[in-house]
Amino acid sequence: MTRVLTSICFIAFAAAVAAQSTTAVHRSYDTAFLGPVLPDPVLQHAKETFVLFGCAYCHGLDLVSRGEATDLMHSALVGRDENGSRIGPLLRMGIPQTAKLSPMPQFSDLSDHQINDLVRWIHYARQQGRYRELTTGPVKTGDAAAGKSYFDRACSSCHKVDGDLSGIDRKYDAAALRAAMLEPKQERHHTIVENIGADDVANVVSYLRRGRASASNRPTVTTVSTSFANVAKTGDPNGDGLARWAPFTSLAPQVFEPGKGSDTHRLEGGWVRLDTTGSGSFGGLTSSFARAVLTPAGAARVKPQRDPDDVDPDNKPHKAGEPYIVTQGRCGVGGPGVIEPNSAAFFIVPSRDEVLLVREGPGGRHIYTDGRDHPPLSRIVPSGAGHSTATWEGDDLLVDTIGLAEGAVTAGGWRTPETHVAERYHVAEDGMHLRITFTWTDPKIYARPHSYSFDFERVPADGYAFENWCDSGDPLQRQSVVPPEQLK
Amino acid sequence: MTMSRRDFGKLVFVGVSEATLLLASARAARAAANRSLINGVQFGLQPFCYHDLPMIRENRGELIRRLVRNGMGMVELHATWVEPRFIGPGVSASAARDQLREWRLHPPAGYYQAVRRELDTAGVEVFTYYINFDDSFTDREIDAVFDGCKVLGARGCVGSMGQAISKRLVPFPGKHGMFVGLHNHDNLSDSDAYSNEASMVTGLSMSPDFRMMLDTRHFTAADGDCVGFLAKHHDRIAGLHVGDRRKHNGRSTPFGEGDAPIIELLRMIRDNRWPIVALLEFEHGTLRPEVEEVDLMFDYCKRAVA
């Protein structure tokens, strides 16, 4: 009896396995052709319908047509279609009268639901494809007058250049503005992205950025690219005989308009780093940061570093009044002090083409927002500032930097010129607090992104900058440092 | 030129060896064709069915693997699986066309023989060579195409040309001992196209070396009577492109879901022992990999003639 039961169980098991095998064969799914399953099940069903009825083999799954099939990506009829108003009847009828070898078949036997699925996929794929097509490559210089004409015709029912779009030319560079205009996720822009031409895009972008002065007559902000000190530290700023830096509002209004409109540049102004955790010791603050997780190769690169300016490595104590060399007198800035603001205040000066970061110390940091790319690494001399580009996301500034000199990164990280550091500058709702979040990525060094944040307080409104003077050839600057008598 | 007995001996040896190899490989291919000979009906494939596989010579190895995987011993080979492409960045269409003509007139020595060996080794026989002749072909070029595909073992050249081009082809197939296959489409609005019985009869009347490559999908979509046409003109039909569609310019469907009488046609060939090759060709959609879809459609045909 036991033997019989065992045999029955075995047969049942074998049958179950066979049934599963058979099922597996019928469930084969041509992922290579169909691509990954889309998160939206309705859209996924539409895509599969487009394949199942044979449309994809001629018109292409992504509307890159094959052979003599109509190019649906650029078809005017598809562009004029609204919810199947034109495509639906055409699918039902086909195109029997044609000069082509094979006429477009008719699909009169399909249900309305199936027709709707085909239409849905055609529009979705067209929007995705045209978005890619129109946002690839640099933004061409367009005709602002023609752009205004297009804007008045197609955009003005929802948008006003001096209303909701006020300041948009400063918020976005040309490429970002183009991408924002055409973003297919914005449903009301679907018709635009399906129909607008590349020239129209360039024209509208030029129109929306029409206030942008040419490079030759654009007011510059180089007068603030020296050095700053904040008034909280220096007392009377006028005592040094330097002219006060011109207040923002006295500069040409097309450069920046602080406090006006939509507060596009809430970042603007001076900031001081907070370090309450460390009670004056930055190590105290950073000790709470999550330690960097390095790859084996990354860990192997890490080596102890000392301050390159330190010419007295034995760190022996010096008596008060005893002179000694504390710096090599370099006028540049090295180390993370450029990327990570230290205890000195720093000022953020946004303009159309760049955001300038200047600090109480030598040099400034240029963060380019004009849409340029990083140059090849071979053309960057690694430095403490590297090469930074940025985009605006609302009021947040998103910075990407490469080309940093090799060295240590806060909380056990490491950097090389290839390493990317992303920074997000976010001002709190009260406008008085700034958080900069740093995220370091480098597949050769980090096993996962290494991230931490610093918080800052806004410098009082009358804070301003002193010029920082530095002459690396001056022996006094290098050597005549006499530490003051320490507090007892 | 003088030739020693030793040289002559070498020449004969090489010639005999090459001929022996080709004969041996041809025998292998013939046997392989039988791989898809089912109850007296010779099946094969139009590789257009592998929609995901670009028809370029670089993919020929993958094509052959798929044909074997699908149990096919015979194929209609499009010229693009064999010939190089000259289109590319900085090359105009006319320049590329000129280069292709030059290549056809002077292919690398032993090129077609090498392709033939690839196919023979896998046991795949070329039934027909698909190429769309048009006005850009010179007479020498047409001859060169026939010469080349004959080396591949093709019995004819098939194309989607219209009646005007067909007239120009009349002198060519006979002198190469081959046929020209007329492939019908379903454009009833084009008087030059092969789409209905009258136009196909007109084409066949141009030359005894012309044969029909009757496409059952297109003829059904053009409201043609496939069974009637086969019964009436079977002696002028070299092969069928077997696929399914709905009438009245209807859409393509999986086999058995449309209006093409596939089962009847295959059984007519089987029962009458007509030497008509049934080449599977379809363009209905599927979520399955194409190799599996070919398996399913081939299985439908096998059961039809079982």
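**Figure 1. Helix 8 and helix 12 of chain A, roughly perpendicular to each other.** In this predicted model, the axes of helix 8 and helix 12 of chain A come within 7 Å and cross at roughly 100°. A crossing angle from 65 to 115 degrees counts as roughly perpendicular, so these two helices of chain A fall into that class. To find the meeting point on the helix 8 side, look for Ala144(A), Ala146(A), Gly147(A), Lys148(A), Tyr150(A) and Phe151(A). Across from them, helix 12 of chain A brings Asp200(A), Asn203(A), Val204(A), Ser206(A) and Tyr207(A). By class, the residues of this contact between helix 8 and helix 12 of chain A are six nonpolar, three polar and two charged.

**Figure 2. The surroundings of helix 12 of chain A, a mostly covered helix.** Helix 12 of chain A spans residues 198-208, and nine of its eleven residues are buried. You can follow the buried stretch through Asp200(A), Val201(A), Ala202(A), Asn203(A) and Val204(A), and on through Val205(A), Ser206(A), Tyr207(A) and Leu208(A). What covers these residues? The cover includes helix 7 (112-135), helix 8 (144-154), helix 9 (168-171) and helix 10 (174-182) of chain A. For the wider setting, chain A has 16 helices and eleven strands, and buried residues make up 29% of its 488 residues. Among contacts in chain A between residues at least 6 apart in sequence, 64% join residues at least 24 apart.

**Figure 3. A closed barrel of nine strands in chain A.** Going around the barrel of chain A, the strand order is 1-2-3-4-5-6-9-10-11, with mixed pairing. Neighbouring strands of this sheet are turned by 30° against each other on average, direction ignored. A good place to look is the pairing of strand 1 (residues 269-273) with strand 11 (residues 450-458) of chain A, which run antiparallel and are joined by three bridges. Here Arg273(A) stands opposite Phe456(A) of strand 11 of chain A.

**Figure 4. A covered strand in chain B and its two partners: strand 2 (residues 41-45).** Five of the five residues of strand 2 of chain B are buried. In a regular strand the side chains alternate between the two faces of the sheet. In strand 2 of chain B, Val41(B), Phe43(B) and Leu45(B) lie on one side and Gln42(B) and Gly44(B) on the other, and both faces are covered. Strand 2 of chain B pairs with strand 1 (residues 37-38) of chain B in the antiparallel sense over two bridges, with Ile38(B) and Val41(B) as bridge partners. The hairpin of these two strands of chain B has two residues between the strands, and Asn39(B) there takes a positive phi near 50°. Strand 2 of chain B also pairs with strand 11 (residues 277-280) of chain B, in the parallel sense and over three bridges. In that pairing, Leu45(B) stands opposite Leu280(B).

**Figure 5. Helix 8 (residues 197-204) of chain B and its buried residues.** Which residues of this helix of chain B are buried? They are Ser199(B), Met200(B) and Gly203(B). Seen down the axis of helix 8 of chain B, the buried residues fall within an arc of 100°, so they line one face of the helix. Their packing partners in chain B are helix 6 (163-169), strand 6 (179-183) and strand 7 (210-215).

**Figure 6. Two loop residues with positive phi, Ala411(A) and Asp223(B).** Ala411(A) lies in the loop between strand 7 (407-409) and strand 8 (413-415) of chain A, and its phi is near 65°, a positive value in a residue other than glycine. Ala411(A) is partly exposed, with 17 other C-beta atoms within 10 Å. In chain B, Asp223(B) is found in the loop between helix 9 (216-221) and helix 10 (226-233). The phi of Asp223(B) is positive too, near 60°. Asp223(B) is partly exposed, with 15 other C-beta atoms within 10 Å.

**Figure 7. Where chain A touches chain B.** The contact takes 25 residues from chain A and 21 residues from chain B. On the chain A side, helix 2 (31-34), helix 3 (41-52) and helix 4 (55-59) each supply at least two residues. By class, the side of chain A that touches chain B has 14 nonpolar, seven polar and four charged residues.

Terms used: Residues are numbered from 1 along each chain as its sequence is written. Chains are lettered from A and ligands numbered from 1 in the order in which they are written. This is a predicted model: local features need pLDDT of at least 70, side-chain atom pairs count only at pLDDT 80 or more; totals for chains, interfaces and linings use all residues. Two residues are in contact if their C-beta atoms, placed from the backbone, lie within 7 Å. Helices (H or I, at least four residues) and strands (E, at least two) are DSSP runs, numbered from the N terminus. Ala, Val, Leu, Ile, Met, Phe, Trp, Tyr, Cys and Pro count as nonpolar, Asp, Glu, Lys and Arg as charged, and the others, Gly among them, as polar. A residue is buried if 20 or more other C-beta atoms lie within 10 Å of its own, exposed if 12 or fewer, and partly exposed in between; C-beta atoms are placed from the backbone. The arc is that of the directions from the helix axis to the C-beta atoms. Axes are lines fitted to C-alpha atoms, for helices over the stretch in contact, and angles run from 0 to 180 degrees between N-to-C directions. Angles under 35 degrees count as roughly parallel, over 145 as roughly antiparallel, 65 to 115 as roughly perpendicular and the rest as oblique. Two strands pair if DSSP finds at least two bridges between them.
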